[in-house]
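Please walk me through this protein model, beginning with its overall build and then turning to the residues that hold its parts together. I am new to this structure and would like each term explained as it comes up.

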Amino acid sequence: MLRARTRYARPVAATMTGEPGSRQTRPGLIRSLLDRFGHLVHELSKFATVGGVAFLVDFALFNFMTAVQDVEQVTAKTISTVVAATFAFLGNRFWTWRHRRGGNPAREYALFFFFNAVGLGITVAVLAISRYGLGQVWPEVFQTPLADNIASYLVGTGLATLFRFWSYRRFVFVPAGTPAVPEAKHDRHRA
């Protein structure tokens with residue numbers, strides 16, 4: 001029995017140590033990916049959590065104002081979106097990217113809402129392409145409530161969320177002392 005353990009222990013140990021001729025194991029690949037991209041995965045999970053809660057705030061507040069308070073839909077949606085976006089800004093600034101706090105919260109807030117508006121434009125564009133572009137070719141498929149929800153909430157919101165994550169990380173929540181736009185370097189002595 002002892003001999004069997006020794007026979008099997010050697011190949012496992014060789015694969016774990018990365019000796020020449022041994023194959024790379026999955027845990028080594030996963031570990032190297034986590035070492036390289038772990039901080040990004042961590043930020044993305046926090047960003048998704050804040051966004052999910054902001055979505056629930058938007059949804060609950062909109063439905064409360066329209067169903068219980070009898071507020072007109074467009075007005076209710078405007079109010080619920082501003083409240084949810086403010087919540088998302090605070091969550092992202094003080095939790096997701098707390099380690100990247102810049103020096104000007106007013107600038108961050110203005111850029112945050114600007115990129116939110118671009119993200120909203122992405123979502124609306126995907127819905128318009130589905131409903132009015134593809135809907136002209138296959139109206140029975142693309143001009144349905146199901147297609148509208150898939151285009152708007154799955155595809156549009158998915159693309160807009162990726163854009164928002166990139167833009168917030170790149171332009172809004174930059175580390176203190178980091179220039180917002182990289183400066184161009186000119187080498188006049190090169191031929």
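Two residues are said to be in contact when they have heavy atoms within 4.5 Å of each other. The model is a predicted one, in which local features need pLDDT of at least 70 and side-chain atom pairs count only at pLDDT 80 or more, while totals for chains, interfaces and linings use all residues. Residues are numbered from 1 along each chain as its sequence is written, and side-chain values use heavy atoms, with hydrogens and water left out.

The protein chain contains six helices and zero strands, where helices (H or I, at least four residues) and strands (E, at least two) are DSSP runs numbered from the N terminus. Read along the sequence, this gives the pattern α-α-α-α-α-α. Among contacts between residues at least 6 apart in sequence, 65% join residues at least 24 apart. The accessible surface of the chain comes to about 13700 Å², and carbon and sulfur atoms account for 67% of that surface; such areas come from the Shrake-Rupley method with a 1.4 Å probe, and for residues only the protein chains shown count as cover. Of the 191 residues, 24% count as buried, a word that stands for under 20% relative accessible area, whereas exposed stands for over 50% and partly exposed for what lies in between (1.4 Å probe, protein chains only).

Helix H4, which covers residues 105–137, is a good place to begin a closer look. Its 33 residues reach 47 Å from the first C-alpha to the last, close to the 48 Å expected at 1.5 Å a residue, the expected span being 1.5 Å times one less than the number of residues. H4 nevertheless bends by about 30° at isoleucine 129, the bend at a residue being the angle between axes fitted to the seven residues ending there and the seven starting there. The buried residues of H4 include Glu108, Phe112, Phe115 and Asn116, and also Ser130 and Gly135. An α-helix has 3.6 residues a turn, so residues three or four places apart point the same way. Serine 130 counts as buried because its relative accessible area is 7%, and, leaving aside its neighbours within four places in sequence, this serine is in contact with Gly135, Phe142, Ala147 and Ala151.

Which charged side chains pair up across the structure? A search of the whole structure finds three salt bridges, a salt bridge being a side-chain nitrogen of Lys or Arg within 4 Å of a carboxyl oxygen of Asp or Glu. In one of them, the side chains of glutamate 43 and arginine 169 meet at 2.5 Å, N to O. That pair links distant parts of the chain, since glutamate 43 is in helix H2 (residues 26–68) and arginine 169 is in helix H6, 126 residues apart. Glutamate 43 is buried, with a relative accessible area of 4%, whereas arginine 169 is partly exposed, at 22%.

Another salt bridge joins glutamate 108 and arginine 93 at 2.4 Å, N to O. Glutamate 108 lies in H4 and arginine 93 in helix H3 (residues 73–96), so this pair ties together parts that are 15 residues apart in sequence. Both glutamate 108 and arginine 93 are buried. Arginine 131 also forms a salt bridge, with aspartate 148, and the closest N and O atoms of this pair are 3.2 Å apart. Here H4 is tied to H6, because arginine 131 lies in the former and aspartate 148 in the latter, 17 residues apart in sequence.

The glutamate 108 and arginine 93 pair also has a shared neighbour in phenylalanine 173, whose contacts, leaving aside neighbours within four places in sequence, are Phe89, Asn92, Arg93, Trp97, Arg100, Glu108, Phe112 and Tyr168. Phenylalanine 173 is placed in the segment after H6, and it counts as buried because its relative accessibility is 1%. Its C-alpha is 9.4 Å from that of proline 105, although the two residues are 68 apart in sequence.

The surface offers a contrast. Leu146, Ile150, Leu154, Val155, Leu159 and Leu162 form a nonpolar patch there, with about 590 Å² of accessible area together. Patches are made of residues with over 30% relative accessible area and no salt bridge, like charges being joined within 9 Å and nonpolar side chains (Val, Leu, Ile, Met, Phe, Trp, Tyr) within 5 Å. Leucine 159 of this patch lies in helix H6 (residues 145–172), and it counts as partly exposed because its relative accessibility is 43%.
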